[in-house]
Amino acid sequence: MDAPTEKFVALEADETTSMRGCGLANLTWVGVDKEELRQRLMMPEYIRLAMRDCIKRKDTTAIPDHLLLPGGAVADMAPHAPMVVFINPKSGGRHGPVLKERLQQLMSEEQVFDLTEVKPNEFVRYGLACLEKVAGEGDECAKECRARLRVMVAGGDGTVGWVLGCLGELNKDGTLPIPPVGVIPLGTGNDLSRSFGWGGSFPFAWRIAVKRTLHRASMGPVARLDSWKILVSMPSGEVVNPPYSLKPAAENELDQGLDVGVDAPLVAKSYEGVFYNYLSIGMDAQVAYGFHHLRNTKPYLAQGPISNKLIYSGFSCTQGWFCTPFARDPGLRGLRNILKIHIKKVYCSEWEEIAVPKNVRSVVALNLESYGSGSHPWGNLKPEYLEKRGFVEAHCDDGLIEIFAFKHGWHASFVMTELISAKHIAQAAAVRFELRGGDWKDAFLQMDGEPWKQPMSTDYSTFVEIKKVPFQSLMINGV
């Protein structure tokens, strides 16, 4: 018997507000039938169970016969938009576990992955590999499920980046297509979510919004996103505690097109990683580092958004981001004392040195149009200004990264409220920051919200090189 279909109705004002929070403000109806949605998203049971079994056993070499259909299945059995969801049940406050249960009701238990139990790399290595193995044995349904697969991530920018990075590994093996990714925003800043139309937060009326979000994710167009590889090379022996997104690099792969001369040590230690939003150097990263250190050592002091913002503001003031004059402490002077910037422009193989503006205390390399919970610090620049500076309109898929600076906390505050634009430095296809100790013994950096303290030598330079990853990530556009 056909499932009853809900009628399209006009949104009430409070419902419209909830939809905007979910990034779905353009929808003017609320009717999404649960059973129709399940048919659109849910893979056949034998495929779901086979994938789960392979992930659990961490083995795809032998799929039990009782989990497969004799002779395979036809393509018509494949859903229109087979989907899997990754969720951290600790995200979203007390709603996390209930949201997980709701997702399982709307799709199936086997297609919702708890990140505390199944990591994205395990899904890629065993779940997707299982689907491909079944498809390779002539199962047309499995083949169509693999080709149409979409991924949703219920979490913040860090979780989304984690999933994107694991899916990106498929490019190295030529395992295509890469599933596109959508977002259920449960984090704090959610700039990736904002940039692709999923909103800055998930609405309080989330039980209804989950159904609408999954429906939209099954139909949304696919957009592209640049990602950027970072290589940090420092003198061997320096003690650094990098964030989890930076891993030890096998080799020092600094671009040899720029001669580092005597500033580079003969023996160096290197870390590498990938970011999707930004890398920053300076006082903003120092404040973030202090806040994260306190939150990790004394978690009882930072138990909610309001207390977090108060503590963060306190760090901003006490560390001189707002109040301390440059002249009183050499350690608080501008980055020009310790930083050099070289860039490669698009379609250019030569490195070019760019002057660091006077008295700037934070430099940011930005990929997305959204930064710091929805601000647009690069600004909407007029065509005349773009032409004068040799810039082009900024997009997250243009192969360019925008470099700008903040002078101090007050300047940053006006920029973040979009009263003014940041101090524009350059647009580049590749960037190299060179850090050299002097009045400062340490520099502070952060990458997509993860800060760390970087020791600096007075004898040798530390290099931070940014280059575009040769393949783009795929995102589902929410609007």
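# A guided tour of the predicted model

Begin by selecting Asn-359, which counts as partly exposed because its relative accessibility is 33%, a value between the 20% and 50% cut-offs for buried and exposed. The structure on the screen is a predicted model. Asn-359 is placed in the loop that runs between strand S11 (352-354) and strand S12 (362-366). Its backbone deserves attention: although Asn-359 is not a glycine, it has a positive phi of about 65°. Most residues other than glycine have a negative phi.

**The whole chain**

Now display the entire chain. It contains 13 helices and 19 strands. Of its 479 residues, 53% are buried. Consider also the contacts between residues at least 6 apart in sequence: 78% of them join residues at least 24 apart.

**Two further backbone features**

Select Lys-58 next. This residue is in the loop between helix H3 (45-57) and strand S1 (83-87). Lys-58 is likewise not a glycine, yet has a positive phi, of about 55°. Is Lys-58 buried, partly exposed or exposed? With a relative accessible area of 44%, Lys-58 is partly exposed.

Move on to Leu-176 and Pro-177. The peptide bond that joins them is cis, with omega about 0°. Most peptide bonds are trans. Pro-177 can be found in the loop between helix H7 (157-173) and strand S4 (181-185).

**Helices H2 and H9**

Select residues 34-41, which form helix H2, together with residues 206-219, which form helix H9. The axes of H2 and H9 are 11 Å apart, and the two helices pack at an angle of about 40°. H2 is therefore oblique to H9. The crossing of H2 and H9 is left-handed.

Which residues of H2 and H9 meet? On the H2 side they are Lys-34, Leu-37, Arg-40 and Leu-41; on the H9 side they are Lys-211, Leu-214, His-215, Ser-218 and Met-219. Grouped by class, the residues of this contact are four nonpolar, two polar and three charged.

**The largest nonpolar core**

Keep Leu-214 selected and show its surroundings. Leaving out residues up to four places away in sequence, Leu-214 touches Leu-37, Leu-41, Met-83, Val-85, Leu-103, Leu-106, Met-107 and Met-152.

Leu-214 also belongs to the largest nonpolar core, which has 73 residues. Which members of this core touch the most other members? They are Ile-47, Leu-103, Phe-123, Leu-214 and Leu-225. Helix H5 supplies the largest share of the core, namely eight residues. Another core, of 37 residues, lies apart from this one; Ile-341, Ala-426, Phe-433 and Met-456 are among its members.

**Helices H5 and H6**

Return to helix H5 by selecting residues 120-136, and add helix H6, residues 140-148. The axes of H5 and H6 come within 7 Å of each other and cross at roughly 140°. H5 is therefore oblique to H6. The crossing of H5 and H6 is left-handed.

Colour the residues that meet: Leu-128, Leu-131, Glu-132, Val-134 and Ala-135 belong to H5, while Ala-142, Lys-143, Cys-145 and Arg-146 belong to H6. By class, this contact has six nonpolar and three charged residues, and no polar ones.

**Two exposed loop residues**

Select Glu-109, located in the loop between helix H4 (96-106) and strand S2 (112-114). Glu-109 counts as exposed because its relative accessibility is 54%. Apart from residues up to four places away in sequence, Glu-109 touches Arg-52 and Gln-104. To compare separation in sequence with separation in space, draw a line from the C-alpha of Glu-109 to that of Val-84: these residues are 25 apart in sequence and 10.0 Å apart in space.

Finish at Lys-441, in the loop between strand S15 (430-435) and strand S16 (442-447). Lys-441 is exposed, with a relative accessible area of 69%. Where sequence neighbours within four places are set aside, Lys-441 is in contact with Pro-455 and Met-456. Met-456 has already appeared on this tour, as one of the residues of the 37-residue core. For a last distance, join the C-alpha atoms of Lys-441 and Ser-457: they are separated by 7.3 Å, and the two residues are 16 apart along the chain.

How values were computed. Residues are numbered from 1 along each chain as its sequence is written. This is a predicted model: local features need pLDDT of at least 70, side-chain atom pairs count only at pLDDT 80 or more; totals for chains, interfaces and linings use all residues. Side-chain values use heavy atoms; hydrogens and water are left out. Axes are lines fitted to C-alpha atoms, for helices over the stretch in contact, and angles run from 0 to 180 degrees between N-to-C directions. Helices (H or I, at least four residues) and strands (E, at least two) are DSSP runs, numbered from the N terminus. Angles under 35 degrees count as roughly parallel, over 145 as roughly antiparallel, 65 to 115 as roughly perpendicular and the rest as oblique. A crossing is left-handed if the near helix is turned anticlockwise from the far one by less than a right angle, and right-handed if clockwise. Contact means heavy atoms within 4.5 Å. Ala, Val, Leu, Ile, Met, Phe, Trp, Tyr, Cys and Pro count as nonpolar, Asp, Glu, Lys and Arg as charged, and the others, Gly among them, as polar. A nonpolar core is a set of buried Ala, Val, Leu, Ile, Met, Phe, Trp, Tyr and Cys residues joined through side-chain atoms within 4.5 Å. Buried means under 20% relative accessible area, exposed over 50%, partly exposed in between (1.4 Å probe, protein chains only).
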